[in-house]
Amino acid sequence: MNPTTREPEISLKALRHSAAHVLAQAVKRLFPSAQVGIGPATEEGFYYDFHFERPFSPEDLQKIEAEMKAIIAERSPIVRRALSRKEARDLFSEKDEPFKLEILHGIPEESEITVYDQGDFTDLCRGPHVPDTGEIGAVKLLSSSGAYWKGTEGNPSLQRIYGTAFPTQKELDDYLVHLEEIRQRDHRKLGKELGFFKTLDENGAGMVLWLPRGARIRRVIEDIWKIRHDRHGYQYVYTPHIARLDLWKKSGHWDFYRDSMFSPMEIEGAEFELKPMNCPFHILIFKESIQSYRDLPVRFAELGTVYRYERSGTLHGLLRVRGFTQDDAHIFCRPEDIATEIGKVLKLVDEMLLPFGFTNRSVYLSTRPEGSVGSDENWEVATRALEEALRTSGIPYEIDPGEGVFYGPKIDMKFHDVLGRTWQLSTIQVDFNLPEKFDLTYRDVSGKDVRPIMIHRALLGSVERFFGILVEHFKGAFPLWLAPEQVSILTIADRHIPYAEKIARALEASGIRVTTDFRNEKIGLKIREAQLLKVPQMWIVGDREMKEGTVSLRHRDGSPGGAIPWESAKSDIENENRSGLALG
RNA sequence: GCCGGCGUAGCACAGUGGUAGUGCAGUCGAUUCGUAAUCGACAGGUCGUCGGUUCAAUCCCGACCGCCGGCUCCA
């Protein structure tokens with residue numbers, strides 16, 4: 001791109017950081033009483049926070065953007081200047097910038113204080129910046145919102161203006177196309193258009209109603225999940241949605257996570273609580289059924305729906321809800337079996353996620369955090385076991401120091417979707433805490449009672465969230481084996497209905513998801529509607545097909561598949577279903 | 001929860017201090033028509049909920065519920 005740029009990502013960051021300064025300069029020109037907060041570059045652009053007596057309107061943003069373009073056209077040099085502490089203090093006192101003074105106050109004694117000048121604007125900043133404002137080839141303001149000073153609730157509320165900048169207009173235009181693509185893929189938009197799910201005011205925020213078309217996809221996902229877990233030696237269990245509050249007190253959830261739990265309800269004098277997790281139930285099942293090392297490892301799996309209080313402002317489609325289904329399982333094993341068990345889970349992660357096209361991932365091993373429970377020895381053993389499992393599986397990973405859960409180390413996996421966005425899906429966590437709290441033991445070979453290790457793991461995370469991600473990943477066009485309707489049979493005229501009906505019954509009998517459109521409508525309309533619903537295959541039947549025992553195949557992308565005998569079209573789908581479900 | 005925006009028929013959207021429209025979907029009728037929208041008629045809304053201001057509110061004000069963009073949070 002730019003031959004003079006040796007480190008493009010660093011220079012793009014500098015460019016955007018400079019664009020943030022230009023934003024602040026523009027705001028100060030148009031609204032001199034606005035006070036500046038901070039204005040960094042971000043992954044995709046930049047923002048700047050301002051304290052101002054009224055909110056910025058979209059019209060304000062337009063004016064500010066125009067002013068920014070004027071500043072860029074001025075090509076003001078951006079000049080670094082080192083100041084003494086006192087000079088800096090005087091400068092920002094005089095400018096009446098209390099937030100800058102607060103930042104200044106927080107800079108360690110030994111650090112150098114620098115400011116950057118550009119035209120009539122000076123900002124406290126450690127840089128780096130591009131040499132002059134003219135380097136910013138293209139800039140656009142995207143949105144504004146509230147933000148707390150220093151991100152802390154209770155601090156003054158500032159107004160944050162977001163924007164992005166690129167060296168060239170072409171790159172900005174490409175980015176805007178990318179944003180539009182993300183908007184088009186939004187699972188909330190597609191979920192509505194394609195009839196996948198609903199959240200209703202009447203029903204309550206963050207509670208998902210799965211409509212039939214979404215539910216069909218969910219069922220396929222759950223079927224695959226159950227089949228693979230059966231094969232990996234898991235035992236499926238069912239547990240209730242509420243439990244006595246005492247159980248949550250014993251597990252420690254009530255102490256640690258009460259803020260995220262719904263309020264208890266009273267039933268005949270005892271308090272009950274909606275479950276935020278499945279683990280205590282699985283522990284109770286363990287306690288009831290396992291005594292000997294001969295029974296280990298034992299793996300209890302459940303698609304368990306849990307309820308967590310999330311603040312109203314954080315809810316987001318299917319990605320952040322208050323009731324969701326974890327693809328949960330708990331493995332109880334001897335300490336010496338941790339690495340083997342983790343290795344098996346890693347294999348299962350692949351088997352579960354590869355079919356959905358999640359081939360790219362980043363893996364993180366999180367180690368012991370501050371204020372954790374458990375002995376040094378336990379942490380040491382478990383962390384080493386996780387590393388060993390990753391190494392044996394040949395999975396590259398990064399260490400996330402101190403990011404483990406308080407009860408044990410964990411492996412997190414982030415997967416990349418078709419747009420390159422990353423989603424944390426799988427998590428595997430070792431737990432020393434709960435076996436202790438519930439005094440779990442098994443009888444060892446030597447006849448001693450030994451505490452088992454517990455492993456929590458979820459592969460998809462939550463079925464709701466995973467589905468939302470899939471909708472965006474596939475843009476609503478689910479692959480044949482996963483689509484809510486795999487085939488739509490479209491008739492040309494009423495006289496073709498019996499033939500079409502016969503085929504439809506045969507498909508149903510083979511477990512193929514089929515819909516029919518026998519309406520007295522023109523074939524063009526039927527095709528259009530099936531295509532808008534992203535049905536993978538349309539089978540059109542008219543006089544010719546009826547006579548020859550064929551169907552005329554049309555794919556949802558509009559490409560024709562020609563006339564083929566319907567039995568062979570049927571077995572093609574059966575084959576795809578078998579490989580998709582790994583039943584073959 | 002906080003800051004800002006928003007909430008009109010199933011969906012997408014107009015609109016006004018004197019109780020509302022358009023398109024698609026729906027229903028009915030006609031059409032039986034071969035690869036992305038056949039024609040016509042009809043019907044459909046206590047304008048998110050509750051309260052207030054007013055002779056009169058969907059429109060103004062307040063609270064609540066929900067949605068959107070962020071902040072914060074995310075065991």
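User: Let's start with Pro297. Which loop is it in?

Analyst: This is a predicted model, and in it the peptide bond from Leu296 to Pro297 is cis, with omega near -10°. As for where Pro297 falls, it's in the loop between helix 10 (279–289) and strand 14 (298–307).

User: Any odd backbone angles? What is phi of Asp96, and is the residue buried or exposed or in between?

Analyst: Phi of Asp96 is near 55°, a positive value in a residue other than glycine. Asp96 is found in the loop between helix 3 and helix 4. Buried would need under 20% relative accessible area and exposed over 50%. Asp96 has 48% relative accessibility, so it counts as partly exposed.

User: And Lys475, which loop holds that one?

Analyst: Lys475 isn't a glycine either, yet it has a positive phi of about 55°. It's partly exposed too, with a relative accessible area of 27%. Its place is the loop between helix 14 (463–474) and strand 23 (487–491).

User: Back to helix 3. Which of its residues are buried, and how are they placed around the axis?

Analyst: The buried residues of helix 3 (residues 85–94) are Arg85, Ala88, Leu91 and Phe92. They cover an arc of only 130° around the axis, so they sit on the same side of helix 3.

User: Then which exposed residues are on the face turned away from that buried side of helix 3?

Analyst: To count as exposed, a residue needs over 50% relative accessible area. On the face of helix 3 turned away from its buried side, the exposed residues are Lys86 and Glu94.

User: How far apart are the end C-alpha atoms of helix 11, and what should the helix span?

Analyst: Helix 11 covers residues 338–353, which makes 16 residues. At 1.5 Å a residue, that should span 22 Å. The prediction agrees, because the end C-alpha atoms are 22 Å apart.

User: Which residues of helix 11 are buried?

Analyst: The cut-off to keep in mind is under 20% relative accessible area. In helix 11 the buried residues are Ile338, Ala339, Glu341, Ile342, Val345, Leu346, Leu348, Val349, Met352 and Leu353.

User: Zooming out, what domains does chain A have, and how far apart are the centres of domain 1 and domain 4?

Analyst: The domain assignment gives domain 1 (8–185), domain 2 (192–239 + 278–474), domain 3 (244–274) and domain 4 (487–581). Taken over C-alpha atoms, the centres of domain 1 and domain 4 are separated by 57 Å.

User: Where does the largest pocket lie relative to the domains?

Analyst: The largest pocket has a volume of about 1,100 Å³. Of the 39 residues that line it, the closest to its centre are Met277, Arg308, Phe324, Gln326 and Gln429. Among the elements that give two or more residues to the lining are helix 9 (253–257) and strand 15 (323–333). Both domain 2 (192–239 + 278–474) and domain 3 (244–274) give residues to that lining, so the pocket lies between domain 2 and domain 3.

User: How does that lining split into nonpolar, polar and charged residues?

Analyst: Sorting the lining of the largest pocket by class gives 15 nonpolar, 14 polar and 10 charged residues.

User: What about the second largest pocket: which helix gives the most to its lining?

Analyst: That pocket holds about 620 Å³ of space. It's lined by 25 residues, and the closest to its centre are His17, Leu124, Cys125, Arg126 and Gly127. Helix 1 (8–30), helix 4 (98–106), strand 4 (113–118) and strand 5 (121–124) each supply at least two lining residues. The one that gives the most, with 5 residues, is helix 1.

User: How many of its lining residues are charged?

Analyst: The lining of the second largest pocket has 13 nonpolar and 6 polar residues. The number of charged ones is 6.

User: How far is Phe262 from Leu274 in space?

Analyst: Phe262 lies in the loop between helix 9 and strand 12 (265–267). At 22% relative accessibility it counts as partly exposed, because buried means under 20%. Phe262 and Leu274 are 12 residues apart along the chain, and their C-alpha atoms are separated by 6.5 Å.

User: Last one: how far apart in space are Lys69 and Lys140?

Analyst: Lys69 lies in helix 2 (residues 58–74) and is partly exposed, with a relative accessible area of 43%. Along the sequence, Lys69 and Lys140 are 71 residues apart. In space, C-alpha to C-alpha, the distance is 9.2 Å.

Terms used
Residues numbered from 1 in each chain as written. Chains lettered and ligands numbered in written order. Predicted model: local features only at pLDDT ≥ 70, side-chain atom pairs only at ≥ 80, totals over all residues. Heavy atoms only, no water. Helix = DSSP H or I, 4+ residues; strand = E, 2+ residues; numbered from the N terminus. Expected span 1.5 Å × (residues − 1). Buried < 20%, exposed > 50% of the residue type's maximum accessible area, 1.4 Å probe, protein only. Domains from an automatic or database assignment. 1 Å grid on protein atoms, 1.4 Å probe; cavity = no way out; pocket = protein on both sides within 12 Å on 5 of 7 lines; lining within 4 Å. Points joined across faces, edges and corners; volume = space filled by probe spheres on them. Nonpolar A, V, L, I, M, F, W, Y, C, P; charged D, E, K, R; others polar. Arc of directions from axis to C-beta.
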